Amino acid sequence: MKNILLREAAAPAVTSNRETDSLGLYEQAASIVPMGAFSCNLADERLSWTGGVFDMFGLSGERPPERQATVEMYTEASRALLGRKRSHAIATCSSFSLDANIIRPDGTERWIRINAAVRSVNGRAETLYGMKQDITEDHARWEILRAQAECDPLTGVANRMRFQRFLERPNDEPALGRIGALILFDLDGFKQINDRWGHAAGDACLVAFGERLKRAFPQARLVSRIGGDEFAVLLPPVGSASKTERDVRWLTQSLLSPVPWNGDRLPIGASVGIAFASRAYELDPQHLFVVADRNLYEAKKAAATGTAWA
């Protein structure tokens, strides 16, 4: 019987040692990987952070964090995504993960990975808790790799893969609200340039056209080469469609000046198709492309020389 009592008496000490070991292990890991733990009391939105989270957000830790002030540090897109995922996890007493972009009080930009779960009692969500990890360096490396994978090696603009990502976005994605119009360009007479001056001359025209697109549309959400001699430009929300079309017509003239080549001047012509996003409905990327492509096709049929529109 004494042995049983001794084992029972010794049990709390063993548990305490394990807790101490776990906390020590966590602190050691946190010193290697920038991370921290957090919890949020859902009744009053009171936050609790470990030191690693304060460091991540660039705060001193001298006073408790305020959730509203913390939320305002997230960029608009990350704040919206966090709000949706957090609300769903609370409503369903589930978990979520998220890579989010924040701007610290000193103006520096950081990327953090959030893994969170909801603790509930009798089916009612009481606490949101989890881990946050600074992934800024990993994100930067990933962005470099992605940019390389999505860049057209000849012209330096985005490639078809990047444009395809736009086409495949779901209609309700918030980022689509920042798209106002799609312009498609198809170079006219490009085959003749290749036949007369050679493919190197044709490449020179493509490079020049890509550079001119970037200069003509600095506000563009995306400039992409989507085919051999086809380019796409995504514009932000526009005011008057007719005024925007006039502006695009005027800007397009700067795209069509001859390209110097080995003492010669290579002529560039283009057909243009433009489609505007409707403000009354959710943007359907595929439909926007179909309309712009149809207008481009009509323009090419009507074009004899120079630039044609539809």
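Here is a short tour of a sheet, the helix on it, and another helix further along.

A word before you click: this is a predicted model, where local features need pLDDT of at least 70, side-chain atom pairs count only at pLDDT 80 or more, and totals for chains, interfaces and linings use all residues. Residues are numbered from 1 along each chain as its sequence is written, and side-chain values use heavy atoms, with hydrogens and water left out.

**Stop one: the sheet.** Select S1 (residues 35-41) and S5 (residues 124-134), which pair in the antiparallel sense over 7 bridges. (Strands are DSSP runs of E, at least two residues, and helices are runs of H or I, at least four, numbered from the N terminus; pairing takes at least two DSSP bridges.) Zoom in on Gly36, which sits opposite Lys132 in S5. Now show the whole open sheet: 5 strands in the order S2-S1-S5-S4-S3, paired antiparallel. S2 (46-49) and S3 (95-103) are its edge strands, each pairing on one side only.

**Stop two: the helix on the sheet.** Add H4 (residues 76-92), which packs on the sheet and touches S1, S3, S4 (109-121) and S5. Contact here means heavy atoms within 4.5 Å.

**Stop three: H7.** Select residues 190-197. Which residues of H7 are buried? They include Phe190, Ile193 and Asn194, buried being under 20% relative accessible area and exposed over 50%, with partly exposed in between (1.4 Å probe, protein chains only). The buried residues pack against S6 (181-188) and H8 (199-216). Spin to the other side of H7 for Lys191, Gln192, Asp195 and Arg196, which are exposed. Finish at Gly198, which follows H7 and has a positive phi, near 105 degrees.

Key:
Axes fitted to C-alpha atoms, helices over the stretch in contact; angles between N-to-C directions.
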